[in-house]
Amino acid sequence: MSSIFGKKPVPASVTTEILARASKKGLEWSAKRFPWIELTSLCDKCSDDYTVLSSLKKVTSYYESANFRPKPVVTEVRVIKQGELGTTRKAVISLTAYTDQQLRDLQNCYFIPGMGCRVEWGWSLDATSLKPPPATLGNRSLTDAVAICAINTKAATNTHYSGIQGIVANFSYNLTRDNAWECSIEVIAASEGLGGSKVNEYSCDCGREYTNEENEDTKKVVDKKSGLYTFFKDIYDNYFIAFVKYFPGIAAASQGGTLFIGQFNLNAPQKSETGKEETSFWEDITPNWLNTPDATDAFISWGTLEAAINSMSLPSEGGQYTMGSLSSGNMELTYHPSLESTDPRVCIVPGTTYANIIAKPLGSNAPSAIDGNRVILSKILLNCNMLMAELAAVESGNGTIKTYLTNVLRKVNDACGSLWEFEVVSGTEDCLNPSKYPKLQIVDTKVYEAATAFELPALAIGDNKSVLRDMKLEMKMTDSMKTQALYSNGVQQSSTTDSGGNCGQAGFKGFGLAVAGTFNSLSIKKASKPPVCLCEGAAPNEKKPSISELFENLGDGVSDTTASACRSAIMEAYGKSVKAGDDKHCKGMIMPFDFNFTLDGIGGFAFGQIVSSDRIPERLREALDWQVTSVEHSITPNDWTTTVSSVCRYK
């Protein structure tokens with residue numbers, strides 16, 4: 001499975017529509033179009049009068065006969081963020097009620113936390129005069145999964161239609177000076193419910209025995225834990241018995257990742273399931289110079305963790321994932337020749353140079369996680385002690401799957417020298433296959449393959465052209481880049497590779513609009529004489545240990561000190577190339593130009609797509625791509641706009 005950040009062009013339906021708007025058809029379209037909004041309550045207690053609030057619905061009267069006050073209306077829909085699925089993650093819907101009775105009636109329809117709600121919107125026609133597909137209106141019988149599939153299927157080919165179905169999260173009322181109620185409801189899309197699901201919400205009560213450590217009582221007590229925690233605990237107690245017990249169910253819930261359960265021997269103190277270090281009787285009486293405690297820790301692959309969460313933590317009906325599944329498959333991560341895990345108490349990366357030095361396998365070896373010039377995420381091995389500790393911490397906090405995954409990934413990335421940039425994102429949805437509902441994926445944002453960018457015809461900017469409302473190109477230097485620019489005088493700091501190559505005087509590459517030239521800055525001048533050290537008894541310079549020596553020390557004894565030393569060494573190695581004179585730091589910094597634009601409302605833009613514009617300066621277009629990071633919509637009874645934000649990347 002390739003990265004979700006890989007090749008992702010703008011859909012043909014979007015490019016066709018935008019080019020049509022930029023042609024003569026756009027003038028006719030801008031004169032005929034009008035936006036529409038339809039809001040549907042999925043509550044069976046809702047009055048028929050308010051089940052659907054629609055700007056398209058035919059009514060016999062727009063006023064209430066009793067007091068001639070207007071009926072409730074939807075005044076605005078703001079979609080704050082849109083996921084890769086095509087379904088939005090959060091929408092804020094503004095309503096106006098003109099009487100207290102209307103407010104009470106609306107409360108039974110829309111102001112109930114957790115209640116289902118559907119909102120759809122679009123233009124009356126597209127630039128080719130095609131009318132939008134019919135809305136689902138007041139159909140309450142559709143399940144979340146079916147409704148989301150229906151909305152996404154229509155939105156995939158109809159750029160003048162979009163919508164979401166989700167649950168009400170927050171709401172508010174505001175009484176105006178005109179004696180009307182301005183109301184707001186926040187709807188969280190159902191597709192985001194996967195990441196927000198509780199990591200232990202859908203588990204059975206499983207009792208297991210463990211030793212109470214809060215006091216020195218060794219009595220066995222029974223505690224009820226979630227199914228996922230119990231899975232880790234059973235592997236911790238006896239990985240082979242747990243393998244036989246759990247593997248069939250885990251394999252059935254796997255979405256293509258590598259499955260592995262096993263044990264490794266670490267030269268470190270044994271830890272209990274709560275993370276407390278334990279020492280045996282023999283270790284207590286053994287002289288210090290012979291005291292080499294060995295821990296036998298259980299490990300599972302990342303693919304096994306995902307399958308276990310799918311099996312034990314996600315809601316399912318008849319074996320089908322109604323809210324989606326966690327599925328990274330054989331997702332590829334950034335690779336570096338110096339890659340190692342510096343802390344086997346967190347993870348092991350099988351196939352690296354020193355993996356078998358710091359962790360010796362007991363039983364069958366794990367498959368290598370290194371595949372050519374990529375690392376396979378599902379084959380990285382995770383220490384079950386760490387997984388239990390992180391799970392216990394998350395369960396005492398907000399308890400969501402996304403938080404748990406993020407915390408575990410942060411520990412894995414830190415143990416491996418922060419080589420990766422992990423994101424938990426929504427994956428591709430196949431509405432035609434009920435066993436493949438929305439997926440949550442782990443991706444490395446550094447794994448990127450260039451795709452052909454769609455260039456917006458920005459020459460047609462203006463209210464009468466209906467292509468772009470606004471376009472902004474903004475450079476956003478980080479603090480470290482500002483410091484480099486201030487003191488470097490256009491030259492980056494030199495660095496030496498492992499083979500003795502020197503960076504020399506590589507420039508601070510600006511990707512600016514002007515032609516490169518000579519300039520002066522506040523570059524620090526080197527002193528003619530170095531400062532004199534006046535202290536007595538200065539220690540002589542010691543030879544810096546090699547990476548090999550550091551990892552041999554880690555194999556002899558795993559501790560915070562040895563793990564930290566190895567982590568510092570590989571982080572330094574990540575900044576250098578194996579080829580002499582080819583230090584990647586010498587190639588100049590990228591200047592982060594963010595490209596954001598607002599169009600007349602349109603559906604079809606999604607996370608990860610590559611965009612550009614013919615109005616971006618040529619030097620920037622030749623060097624950079626812009627990848628969509630968020631899509632926002634704003635819909636009123638009179639207008640619909642779409643704002644697309646992106647981040648720049650090297651081509």
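**Exercise 1.** Identify the residue of strand 29 that is the bridge partner of I610.

*Solution.* Step 1: Strands are DSSP runs of E with at least two residues, and helices are DSSP runs of H or I with at least four residues, both numbered from the N terminus. The model is predicted: local features need pLDDT of at least 70, side-chain atom pairs count only at pLDDT 80 or more, and totals for chains, interfaces and linings use all residues. Residues are numbered from 1 along each chain as its sequence is written, and side-chain values use heavy atoms, with hydrogens and water left out.

Step 2: Strand 28 (residues 610-613) and strand 29 (residues 624-636) run antiparallel and are joined by two bridges. Two strands pair if DSSP finds at least two bridges between them.

Step 3: The partner of I610 in strand 29 is Q627.

**Exercise 2.** Determine how many bridges join strand 29 to strand 30, and state which residue of strand 30 stands opposite V628.

*Solution.* Step 1: Strand 30 covers residues 639-650 and runs antiparallel to strand 29, with twelve bridges between them.

Step 2: The residue opposite V628 is S646.

Step 3: The connection from strand 29 to strand 30 is a hairpin of two residues.

**Exercise 3.** Give the strand order of the open sheet that contains strands 17, 20 and 21.

*Solution.* Step 1: The order is 17-21-20, and the pairing is antiparallel. Strand 17 (332-334) and strand 20 (370-371) are the edge strands, each pairing on one side only.

Step 2: Two bridges join strand 20 to strand 21 (residues 374-376). In this pair, D371 stands opposite R374.

**Exercise 4.** Classify T99 as buried or exposed.

*Solution.* Step 1: Buried means under 20% relative accessible area, exposed over 50%, and partly exposed in between (1.4 Å probe, protein chains only).

Step 2: T99 has 14% relative accessibility, so T99 counts as buried.

Step 3: T99 lies in the loop between strand 4 (88-97) and helix 3 (100-110). A polar atom of the T99 side chain lies 3.0 Å from the backbone nitrogen of Q102.

**Exercise 5.** Classify D414 in the same manner, and state the separation of its C-alpha atom from that of R567.

*Solution.* Step 1: D414 belongs to helix 12 (residues 401-415).

Step 2: The relative accessibility of D414 is 38%, and therefore D414 counts as partly exposed.

Step 3: The C-alpha atoms of D414 and R567 are separated by 8.2 Å, although these residues are 153 residues apart along the chain.

Methods:
A polar contact is a pair of N or O atoms within 3.5 Å; within protein, one must be able to donate a hydrogen and the other to accept it, and residues adjacent in sequence count only if both atoms are side-chain atoms.
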